[in-house]
Amino acid sequence: MLSWIYPTICELCHESAEQSLCPDCLAGLERVPRPICLYCGAILSGTPAGTESCPACARQPRPFELARSALRGNECNMQLIYKLKYHRANYLAAALAPALAELWHHTPELNSDFATAALVPVPTTLAHEQLRGYNQAAELTHALGKLLKRPVIHALQRRDTDYGSQTRLSATQRRQNAYHAFHPLPAYVKGHRTLPERLVLVDDVYTTGSTARACSHALLQLPGVKQVAVITLVRAEMRS
Ligand SMILES: [Zn+2]
Ligand SMILES: [Zn+2]
């Protein structure tokens, strides 16, 4: 009845559709091209064949096992993320989650080592959530959890200090802020609740990797947690 009164329109082609992205437009979103860094998932364009890691991963090991992103950070994909994040377009999470599920199915490590993992959304600050009414990473995580039939655990919190938008900060400032911003929820620190050995952190965008590193580090402090993988919807293309 509601869909008759308010028919869903595809965000991109504006044709009526079941989700806010029609199957053709979803399939047409540019995926992350190969080759990629086997650790952080960075696009390795212009590097010699057989190169396994990007220069940043070769210099400094990551706390997570691997990070992978579904979509390339082109203008169209970044605009979808922007709408999801800032324009109350949380309905886009359900429309975009199949791209994350596709990434999962095409990533051998996630199907083997992380087959029984729980999904953990990257938290946002309380201020952001109160302002926007939702956390876009959590919306994506719950939509993905439904598709993959995996449990979703909110295990982290983000310190509620307004640093301003991370996008305006330098890579070094982001790293410093991120490392001090994320903490496990007290119930997990005190052992009132426990987590599975393997966790998959879910976020909307991977930019410098500072958030992924900080959240992985926080999760790996908890008893019982052995490995963390990271998946994000979009890979912003900038040097880390
Ligand atoms: Zn469409
Ligand atoms: Zn890398």
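This report walks through the overall build, the domains, the nonpolar core and one buried residue of a predicted model.

## Overall build

Let's start with the whole chain. The protein chain contains 11 helices and 6 strands. Its C-alpha trace spans about 50 × 50 × 40 Å along the principal axes. A compact globule with 240 residues would have a radius of gyration near 18 Å, and the protein chain, at 18 Å, agrees with that.

Two further figures describe the packing. Of the 240 residues, 39% count as buried. Among contacts in the protein chain with a separation of 6 or more, 74% come from residues 24 or more positions apart.

## Two domains and their contact

The protein chain is divided into domain 1, residues 1-29, and domain 2, residues 60-235. Between the C-alpha centres of domain 1 and domain 2 there are 26 Å. Domain 1 puts 6 residues into the contact, while domain 2 puts in 11 residues. On the side of domain 1 that touches domain 2, the classes are 3 nonpolar, 2 polar and 1 charged residues.

## The nonpolar core

Next comes the interior. The largest nonpolar core has 62 residues, and those with the most contacts inside it are Leu96, Leu100, Leu140, Val200, Leu201, Val202 and Leu233. Helix 5, residues 91-105, supplies the largest share of this core, with 9 residues. The core lies between domain 1 (1-29) and domain 2 (60-235), because both give residues to it. As general background, nonpolar side chains in soluble globular proteins tend to be buried together.

Leu201 is a handy place to zoom in, being one of the residues with the most contacts inside the core. Setting aside neighbours within four places in sequence, Leu201 is in contact with Val120 and Val122, with Ala212, Cys215 and Ser216, and with Val228 and Val230.

## A closer look at Ala137

Ala137 sits in helix 8, which covers residues 136-148. Is Ala137 buried or exposed? With 24 other C-beta atoms within 10 Å, Ala137 is buried, because the cut-off for a buried residue is 20 or more.

Which residues does Ala137 touch, not counting those up to four places away in sequence? They are Pro121, Val122, Thr124, Val202, Asp203 and Asp204. Val122 is also in contact with Leu201, and Val202 is listed among the residues with the most contacts inside the largest nonpolar core.

For a sense of distance, take Arg59, which is 78 residues from Ala137 along the chain. The C-alpha atoms of Ala137 and Arg59 are separated by 29 Å.

Conventions: Residues are numbered from 1 along each chain as its sequence is written. Chains are lettered from A and ligands numbered from 1 in the order in which they are written. This is a predicted model: local features need pLDDT of at least 70, side-chain atom pairs count only at pLDDT 80 or more; totals for chains, interfaces and linings use all residues. A nonpolar core is a set of buried Ala, Val, Leu, Ile, Met, Phe, Trp, Tyr and Cys residues joined through C-beta atoms within 7 Å. A residue is buried if 20 or more other C-beta atoms lie within 10 Å of its own, exposed if 12 or fewer, and partly exposed in between; C-beta atoms are placed from the backbone. Helices (H or I, at least four residues) and strands (E, at least two) are DSSP runs, numbered from the N terminus. Domain bounds come from an automatic or database domain assignment. Two residues are in contact if their C-beta atoms, placed from the backbone, lie within 7 Å. The radius of gyration is taken over C-alpha atoms; the globule rule is 2.2 Å times the number of residues to the power 0.38. Ala, Val, Leu, Ile, Met, Phe, Trp, Tyr, Cys and Pro count as nonpolar, Asp, Glu, Lys and Arg as charged, and the others, Gly among them, as polar.
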